[in-house]
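I opened a fresh page today and wanted to see what a walk through this structure would turn up. Here are my notes, in the order I looked things up.

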Amino acid sequence: MAEQQEENTNEPKYPTMKFAAFLENCPPYQVVIISDLWYKTSGSSDFNLKKPELNLMCENDSCEGMRFFEYSQRTGYLTKHDERNEVFIEYKCKNCEFTKKSFSILTFALYSGGEGLVVKLGEWPPFGPKTPTRLLRLLGTDQDLFLRGRRSEFHGLGLGAFTYYRRVVENQKNLLLDEIIKVVKKVEDSPDTIVEELNKAKKNFQFTQAIGEIKHAIPQILLIDGHNPLTLLHSALSAGIHNKSDEECLELATSIRHVLSELSERLGQALAQKDVLSKAISKLLSIKKDKGKKN
């Protein structure tokens, strides 16, 4: 603990973390002690802000995953240890060199040993669970509606997040089923029965009723920990929320987002793997034919 804090035992106890972890994982408005916030160069009295490398989500098409970000620039300085300092920091993805991440922080005090009492005023893109690009593409015209639900989830508004996610799933029911039908036709030897049921489900307006009528399992490649993702979504969306607390609604909303994200990944992987396999088989068959002709 810093000397300035030890002098006053009545001061609140704040969590301590590294600067990189603070920028990567700490939500706005949470006051923390940064253990490695600043340093001084030899012969200088200036407080220099440290510039740690960050591991952040990059949603650029060439990345679509966690990537290393490096410090790019800043506005504002750390001037005095006992006064507030506002600093704006910008980072850039080292992989695509295009995506930027910006942070606004406020320091309340600078302590000995490089520590500082800090709060994050905000960041852009906003702090919160990252949405896979593939999922946003899958949701089509309801991308904005889904992102509203994500923001509600981040702010702890369980009922709001659940309501947004339910609307997205209901609106995009047929789109989800169409994508599953594509996979069924590519990977199943006898897809007719499953496709017939999925097409029938498309005619039912409500997602929960439509999925409740599906009897056959979807392809093994789409299962999430051995479970049908449609059944998982059905369980979450059919739960009565009128008697549930906001915390319980938040848990349901988070579960819906996780299942949708995983389903979108598995849909993309299933189609991609089948395409690669088909090309490989075609290549091998063409080689076999060429050898037959020579013989």
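I began with the largest pocket, which holds about 540 Å³ of space. I kept in mind that this is a predicted model.

Next I checked what lines the largest pocket, and I found 24 residues, with Glu 59, Lys 101, Pro 125, Pro 126 and Lys 130 nearest its centre. Sorted by class, the lining has 11 nonpolar, eight charged and five polar residues. I also noted the elements that each supply at least two lining residues: helix 2 (19–25), strand 5 (54–58), strand 6 (65–75), strand 8 (100–110), strand 9 (116–124) and helix 4 (143–154).

I then turned to the sheet. Its seven strands make an open, mixed sheet in the order 1-2-9-8-7-6-5. Strand 1 (16–17) and strand 5 are the edge strands, each with a single partner, so one side of each has no neighbour in the sheet. I looked at strands 8 and 9 as well: they run antiparallel and are joined by eight bridges. One pairing I wrote down is Ser 104 with Gly 122 of strand 9.

My last stop was Lys 101, which sits in strand 8. Is Lys 101 buried or exposed? I found it buried, at a relative accessible area of 6%; the cut-off for buried is under 20%. Its side chain makes a polar contact of 2.8 Å with the side chain of Glu 123, and the Lys 101 side chain also reaches the backbone oxygen of Pro 125 at 2.5 Å. Leaving out residues up to four places away in sequence, I listed what Lys 101 touches, including Leu 56, Phe 69, Tyr 91, Trp 124 and Lys 130.

Key: Residues are numbered from 1 along each chain as its sequence is written. This is a predicted model: local features need pLDDT of at least 70, side-chain atom pairs count only at pLDDT 80 or more; totals for chains, interfaces and linings use all residues. Side-chain values use heavy atoms; hydrogens and water are left out. On a 1 Å grid over the protein atoms alone, a cavity is a set of points where a 1.4 Å probe fits but cannot get out, and a pocket is an open set with protein on both sides within 12 Å along at least five of seven lines; lining residues have an atom within 4 Å of a point. Grid points are joined across faces, edges and corners, and a volume is the space filled by probe spheres set on the points. Helices (H or I, at least four residues) and strands (E, at least two) are DSSP runs, numbered from the N terminus. Ala, Val, Leu, Ile, Met, Phe, Trp, Tyr, Cys and Pro count as nonpolar, Asp, Glu, Lys and Arg as charged, and the others, Gly among them, as polar. Two strands pair if DSSP finds at least two bridges between them. Buried means under 20% relative accessible area, exposed over 50%, partly exposed in between (1.4 Å probe, protein chains only). A polar contact is a pair of N or O atoms within 3.5 Å; within protein, one must be able to donate a hydrogen and the other to accept it, and residues adjacent in sequence count only if both atoms are side-chain atoms. Contact means heavy atoms within 4.5 Å.
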